[in-house]
Amino acid sequence: MPAAFFRIPPESKHKTALFAIQDIACITLTAFHPTCHMSHAPPSPDAIPPLYPMLFLDTFDISSPRRHLLQDRLKFQNMEEEGKQRYIALQIIRRRDIWNPKLAEAFATIYVMLLEDDGRNWEQVLWADLPTFIPIFMRERLLEGASDNHGWPLENELNTLAVALFWLISSRDLLDQETDEFRREIMTYLAPFAFAGFRYPCFTSPEDLFLAFEGASKIGVSNYRNYPTNRHTKITLGYFGQPTTLCLPPIAPFAILNYFARIEYFHLKVPLELPLNRHDAITKGTPCGPTRDDIDDFNARCATRVSGWRYGDTFDGLLKSRRHDPDSRRSLCGFDSALSHSPLVYYIPGTFSGRWQGSFIAPYREDYRSIFGSAEAPSPFPSFGRFPLYVKFRELYCYSPSTPLSVAEDEISFFNAFLPIGCQWREDESGIEFIGSNNSFRTHYTPLRRSKDASDVSSMGALDVIITGITEAPYATAWNGYKYIGRIRPSDGLVVLLREPLDPQRVDLGPALFRGYVISSRNFVGRWRHISNAEQPAEWESTFSLCKEVKLL
């Protein structure tokens with residue numbers, strides 16, 4: 001080595017090293033090796049403190065941690081530790097080591113990476129070939145322990161994170177490349193998690209509680225009985241230098257999303273006896289009901305939108321990681337930013353307002369009763385019918401110093417979408433006014449007040465959110481018309497909506513309750529059930545998936 005090399009300032013050596021590796025995927029922060037006997041020491045972070053942060057920032061996305069963590073957590077020693085943790089996790093995936101004893105921790109680390117992804121994290125996950133790894137895991141290990149559980153797959157750490165990751169790595173290109181045989185295989189694995197509402201919860205805490213209280217069970221209580229006690233809800237991982245609790249999401253919402261994303265490739269068949277279009281239907285004397293054009297529109301437009309991974313991909317002006325902020329706050333317990341004290345941190349204002357389309361699945365009741373009444377999992381799992389959903393939603397807010405609607409923590413209030421029993425409401429362009437029975441109270445909710453930072457709900461003084469919705473024409477003419485109203489639970493962002501027919505004479509349609517979460521700020525997913533008699537246990541319930549109609553900027 002020329003003697004002149006040793007006269008080069010350390011800063012220049014480090015900058016040269018950084019430039020040399022900046023295009024190499026998944027570079028570990030300690031991957032500098034000796035080059036000769038006289039220069040065998042790796043670059044010293046003490047001599048050049050910015051080196052490791054520069055390497056980390058060049059490899060991974062940082063905007064989400066900066067929003068959620070105090071600056072002290074982002075010092076360079078913690079970035080080095082976080083980089084090591086991610087490198088180990090990615091190597092497990094890249095080696096396709098599905099039996100590694102630390103696979104759960106690796107899944108948890110990559111799950112957080114994808115919630116924080118703005119492009120760089122995705123590049124590392126793609127380098128590890130996670131899209132190939134997850135199907136291998138599902139074939140080999142998803143049903144592990146099911147034989148000792150009456151055939152029901154377990155909702156444990158590995159399965160929950162694998163199904164969640166399977167959704168987060170989805171892209172339209174990957175879905176399009178799947179064969180119909182592969183799609184059916186995946187749907188077979190996911191069907192129990194998606195449809196067995198009496199075994200796999202779709203919410204993080206009991207669904208009929210609006211306000212969280214200390215000691216509330218994270219396992220949750222179903223409309224049937226306590227969920228199986230073998231459900232795992234937490235895992236500990238290292239995160240920027242500190243042991244951090246990751247609250248596992250329910251497996252059901254991600255199973256539903258993955259299921260819908262594939263069943264939509266099997267289009268509804270268009271009966272030739274249907275009218276061609278609405279004009280043709282009116283001419284034939286059948287003005288209501290679907291036409292062939294309506295079914296074609298459903299097959300073409302009511303598709304589940306994937307999270308998206310392109311660097312700089314925007315949605316309503318938000319970075320991808322910003323869209324995942326509510327998901328991150330539900331998962332990473334103990335965020336030490338000021339946002340954790342806001343009453344509405346699990347929801348980004350403006351998310352719901354707009355047109356949504358998707359579908360719901362209606363079970364054949366006798367099949368569902370048979371499943372519910374048997375301890376054994378059915379094999380194969382029965383298929384159900386899928387139907388269109390079109391809704392135009394509107395958000396209305398209670399701002400300080402006004403007082404939000406009270407909530408009675410009981411089943412009756414839950415079946416009324418957490419609205420006070422007996423209250424009336426009037427909605428117009430200015431908002432919605434609630435009037436209590438015997439004029440006991442009056443409360444007014446107004447449309448969203450825009451601010452410079454649309455995600456900073458705490459600075460806007462919003463205390464509560466009401467969601468209203470309606471089926472617009474021509475969709476109401478084709479698929480029946482409904483109206484919706486409900487609230488967003490402040491403790492975790494659970495959305496509970498009461499749906500009723502627009503035509504009060506259509507008692508056959510009956511009221512229904514939709515409960516679910518907005519995932520990645522673009523997918524409203526969960527379960528629904530009829531509540532004509534508010535029977536407990538529920539006679540049946542099933543799934544729905546709605547996607548917001550958006551235009552990428």
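## Exercises on a barrel, its strands and a cavity

Phe514 stands opposite Trp528 in β12, and the exercises below, which concern a predicted model, start from the strand pairing around this residue.

**Exercise 1.** Work out which residue is the bridge partner of Leu497 in β11, and how many bridges join β11 to β10 and to β12.

*Solution.* Begin with strand β10 (residues 495–501), which pairs with β11 in the antiparallel sense over five bridges. Within this pairing, the bridge partner of Leu497 in β11 is Phe514. Turn next to β12, which pairs with β11 in the antiparallel sense over eight bridges. In that pairing Phe514 stands opposite Trp528. Finally, follow the chain from β11 to β12: the two strands form a hairpin with three residues between them, and Ser520 in the turn has a positive phi of about 55°.

**Exercise 2.** Place these strands in the closed barrel, and find which helices lie across β3.

*Solution.* First list the eight strands of the barrel, which run β3-β4-β8-β9-β10-β11-β12-β13 with antiparallel pairing. From one strand to the next the twist averages 30°. Then look at how β3 (residues 354–362) meets β13 (residues 542–548): they pair in the antiparallel sense over five bridges, and the bridge partner of Ser359 in β13 is Ser545. As a last step, add the helices. Helix α11 (residues 251–263) lies across β3, β4, β11, β12 and β13, running at about 100° to β12, while helix α13 (residues 292–301) lies across β3 and β4, running at about 65° to β4.

**Exercise 3.** Find the volume of the largest cavity, and name elements that supply its lining.

*Solution.* A search of the whole structure finds two cavities of 30 Å³ or more, and the largest cavity has a volume of about 70 Å³. Its lining includes Pro326, Arg330, Tyr346, Tyr517 and Val518. Now assign the lining to elements: α15 (325–331) and β11 each supply at least two residues. Strand β11 is itself mostly covered, with eight of its eight residues buried.

**Exercise 4.** Compare the expected span of helix α8 (residues 157–168) with the distance between its end C-alpha atoms.

*Solution.* Take 1.5 Å a residue; because the span is counted over one less than the number of residues, the twelve residues of α8 should span 16 Å. The end C-alpha atoms are 16 Å apart, which agrees with that expectation. To complete the picture, consider burial: eleven of the twelve residues of α8 are buried, among them Leu158, Phe166 and Trp167.

Terms used:
Residues are numbered from 1 along each chain as its sequence is written. This is a predicted model: local features need pLDDT of at least 70, side-chain atom pairs count only at pLDDT 80 or more; totals for chains, interfaces and linings use all residues. Side-chain values use heavy atoms; hydrogens and water are left out. Helices (H or I, at least four residues) and strands (E, at least two) are DSSP runs, numbered from the N terminus. Buried means under 20% relative accessible area, exposed over 50%, partly exposed in between (1.4 Å probe, protein chains only). Two strands pair if DSSP finds at least two bridges between them. Axes are lines fitted to C-alpha atoms, for helices over the stretch in contact, and angles run from 0 to 180 degrees between N-to-C directions. Contact means heavy atoms within 4.5 Å. On a 1 Å grid over the protein atoms alone, a cavity is a set of points where a 1.4 Å probe fits but cannot get out, and a pocket is an open set with protein on both sides within 12 Å along at least five of seven lines; lining residues have an atom within 4 Å of a point. Grid points are joined across faces, edges and corners, and a volume is the space filled by probe spheres set on the points.
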